[in-house]
Amino acid sequence: MIDLKTITHLIIDMDGVLYRGDEPLPGLQAFVAFLRERPIPFILATNNSTRTPRQYADKLARMGVAVAPHEILTSGQATARVLAQEYPPGTRIHVFGSPALREAIAEAGFVLADEGVAAVVASLDPDLSYARLKRATLLIRGGARFFATNLDPTQPTEEGLVPGTGALIAALQAASGVSPQAVGKPEPTMFLQAMAQLGAHPGTTATIGDRLDTDILGGQRAGLTTICVLSGSTGRAEAEAYGPDLIFEDIEALRKAWQSL
């Protein structure tokens, strides 16, 4: 049995863990206050690259929680860091995705371009059009490397599950005949980047998430303690069958159990 007292750092998913859509989940303010009090440093890591860290911080502020942008890591930022390891500043990159993703790639020193590019970075594009799909497809077929911020087929909203990044990646893959290099969860990349930023080690770091196929699987691949909360997309029977290290109803139940130790 994992002892929560050994955990010194956390990597935490957001949607389905801290909030659902624009609604904070029970115990959000008390949970973050508990982490600050201990203190237990954390990174909020999300596959959703449609917001910048500042926009996520502003969203949490509206829920009564103060989190700094540097405590947030998106799959867009993680992808930009991967690119920075392989390409020099000034490399031309095509972005198929949101303004937030374009900002993350540009901030890493790359030139955003629609032709003569070394790579195509693809994610959820809220302004999807056939013309955008065609341009990205032609660039990939022309030899540009294909990166995907994540492969989540759906994303949760107040209306229900709607197409996610993976649905658009599938279209690009089918049209280009090329499989992308994925960066976000469940790949271990984001977890390793977050630990490096925190100065943390796998043996004393846990990840908290609601999705088994991204948060929990990614944490397992990175060698972390995995904590599944049932406030998002996973039910108890499914979680128990999958086998995360710990299961809690929500972050409020986790905080109470941790605080009692």
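## A tour from two cis prolines to a buried threonine

Begin by selecting Pro186, which sits in the loop between β12 (181-182) and α7 (189-198). The model on screen is a predicted one, and the peptide bond that joins Lys185 to Pro186 is modelled as cis, with omega at about 15°. For the other cis proline of this tour, move to Pro39, placed in the loop between α1 (28-37) and β4; here the peptide bond running from Arg38 to Pro39 is cis, with omega near -10°.

Next, select α3 and α7 together and look at how they cross. Two packed helices are described by the distance between their axes and the angle between them. In this model the axes of α3 and α7 come within 10 Å and cross at roughly 85°; since angles from 65 to 115 degrees count as roughly perpendicular, α3 and α7 are therefore roughly perpendicular to each other. By class, the contact of α3 with α7 comprises 3 nonpolar, 4 polar and 1 charged residues. To display that contact, show Ser75, Ala78, Arg81 and Val82 on the α3 side, which meet Thr189, Met190, Gln193 and Gln197 on the α7 side.

From α3, turn to helix α2, residues 53-62, and colour its buried residues, which are Pro53, Tyr56, Ala57, Lys59 and Leu60. Why do they lie on the same side of α2? They cover an arc of only 160° around the axis, and this puts them on the same side of the helix. To see what that side faces, add β2 (19-20), β4 (42-46), β5 (72-74) and α3 (75-86), against which the buried residues of α2 pack. Before leaving this helix, step to Gly64, just after α2, where the backbone takes a positive phi of about 85°.

The last stop is Thr207, found in strand β13, which spans residues 205-209. Is Thr207 buried or exposed? Its relative accessibility is 2%, and because buried means under 20%, Thr207 counts as buried. Showing its surroundings, and leaving aside residues up to four places away in sequence, you will find that Thr207 touches Ile11, Phe191, Asp215, Gly219, Leu224, Thr225, Thr226 and Ile227. Two of these deserve a distance label: the side chain of Thr207 reaches the backbone oxygen of Ile11 at 3.0 Å, while Thr226, 19 residues apart from Thr207 in sequence, is 5.2 Å apart from it in space, C-alpha to C-alpha.

Conventions
Residues numbered from 1 in each chain as written. Predicted model: local features only at pLDDT ≥ 70, side-chain atom pairs only at ≥ 80, totals over all residues. Heavy atoms only, no water. Buried < 20%, exposed > 50% of the residue type's maximum accessible area, 1.4 Å probe, protein only. Helix = DSSP H or I, 4+ residues; strand = E, 2+ residues; numbered from the N terminus. Arc of directions from axis to C-beta. Contact = heavy atoms within 4.5 Å. Axes fitted to C-alpha atoms, helices over the stretch in contact; angles between N-to-C directions. Parallel < 35°, antiparallel > 145°, perpendicular 65-115°, else oblique. Nonpolar A, V, L, I, M, F, W, Y, C, P; charged D, E, K, R; others polar. Polar contact = N/O pair within 3.5 Å; in protein donor to acceptor, adjacent residues only side chain to side chain.
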